[in-house]
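Biologist: Could you take a close look at one part of this model for me, the aromatic side chains and the charged pairs beside them? I'd like to hear how the contacts link up, and how open each partner is to solvent.

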Amino acid sequence: MESAPQPLRVGDAAGTDPMFGEGIGPAPGYGKLAAKALQDAFARNDFSFVSYGDLVRKSELGKSLTRRANAAELAYRLGSPLAQNVIWRRMGPLIRWYLQGRIFNWTDREQGRKRPRPASKALASNN
């Protein structure tokens with residue numbers, strides 16, 4: 001069996017979170033997109049997967065990873081500890097607001113489900 005010119009990558013092999021470099025969070029989203037690509041490949045009998053990159057970029061996962069890549073580029077470009085301290089202390093609330101709800105559960109977002117509240121907030125609202 002030969003290797004394909006355009007392999008279908010999922011999980012960590014497809015990409016990681018640009019901000020923190022972890023791959024567990026986006027892995028389920030990549031799996032869902034890969035399943036769509038495989039369904040399409042069998043329907044068209046074309047296993048080149050040349051449109052998989054576009055599928056990922058246009059998805060909610062891809063848009064979220066693009067936003068996080070832009071934020072990471074800004075954060076890591078300013079490499080001095082003083083500059084990063086200023087960014088995270090002064091800009092931290094703005095960055096958290098910008099990334100809010102866009103970090104995990106990409107598959108849930110694409111299906112229209114809302115993220116569950118963190119347990120600490122759920123407990124606080126019941127008291």
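Modeller: Let's fix one term before anything else: a residue is called exposed when its relative accessible area is over 50%, buried when that area is under 20%, and partly exposed in between. Keep in mind that this is a predicted model.

Start with F42. Its relative accessible area is 62%, so F42 lands in the exposed class. F47 comes out at 37% relative accessibility and therefore counts as partly exposed. F49 has just 14%, which puts F49 among the buried residues because the cut-off for that class is 20%.

Now for how these rings meet. There are two aromatic pairs by the ring-centre rule. In one of them, the ring centres of F42 and F47 sit 4.9 Å apart with the planes at 80 degrees, so this pair is edge-to-face. In the other, F47 and F49 have their centres 6.4 Å apart and their planes at 70 degrees, which again means edge-to-face. The angle cut-off for that label is over 60 degrees, and the distance limit for a pair is 6.5 Å, so the F47 and F49 rings, at 6.4 Å, are within it. Put together, the ring pairs join F42, F47 and F49 into a cluster. F47 takes part in the pair with F42 and also in the pair with F49. Along the cluster you have an exposed residue in F42, a partly exposed one in F47 and a buried one in F49.

On to the charges. The model holds five salt bridges, and a few of them are worth walking through. R44 pairs with D40, with the closest N and O atoms 2.8 Å apart. Why do R44 and D40 sit about one helical turn apart? Both belong to helix α1, which covers residues 27-44, and they are four residues apart in it, so about one turn of the helix separates them. R44 has a second partner too: R44 and D46 form a salt bridge whose closest N and O atoms are 3.2 Å apart. That makes D40, R44 and D46 a linked network of salt bridges.

How open is that network? R44 is partly exposed, at 45% relative accessible area. D40 is partly exposed as well, with 34%, and D46 gets the partly exposed label at 28% relative accessibility.

For another charged pair, look at E60 and R67. They form a salt bridge with the closest N and O atoms 3.8 Å apart, and since the distance cut-off is 4 Å, the pair counts. E60 is partly exposed at 23% relative accessibility, whereas R67, at 17%, counts as buried.

One last stop, the largest pocket. It holds about 220 Å³ of space. Of the 14 residues lining it, R9, A14, Y52, G53 and V56 are the closest to its centre. The elements that each give two or more residues to that lining are α2 (52-58) and α3 (60-77), and α2 supplies the largest share, three residues. By class, the lining has eight nonpolar, five polar and one charged residues.

Definitions and conventions. Residues are numbered from 1 along each chain as its sequence is written. Side-chain values use heavy atoms; hydrogens and water are left out. On a 1 Å grid over the protein atoms alone, a cavity is a set of points where a 1.4 Å probe fits but cannot get out, and a pocket is an open set with protein on both sides within 12 Å along at least five of seven lines; lining residues have an atom within 4 Å of a point. Grid points are joined across faces, edges and corners, and a volume is the space filled by probe spheres set on the points. Ala, Val, Leu, Ile, Met, Phe, Trp, Tyr, Cys and Pro count as nonpolar, Asp, Glu, Lys and Arg as charged, and the others, Gly among them, as polar. Rings of Phe, Tyr and Trp (its six-membered ring) pair if their centres lie within 6.5 Å; planes under 30 degrees apart count as stacked, over 60 as edge-to-face and the rest as tilted. Buried means under 20% relative accessible area, exposed over 50%, partly exposed in between (1.4 Å probe, protein chains only). A salt bridge is a side-chain nitrogen of Lys or Arg within 4 Å of a carboxyl oxygen of Asp or Glu.
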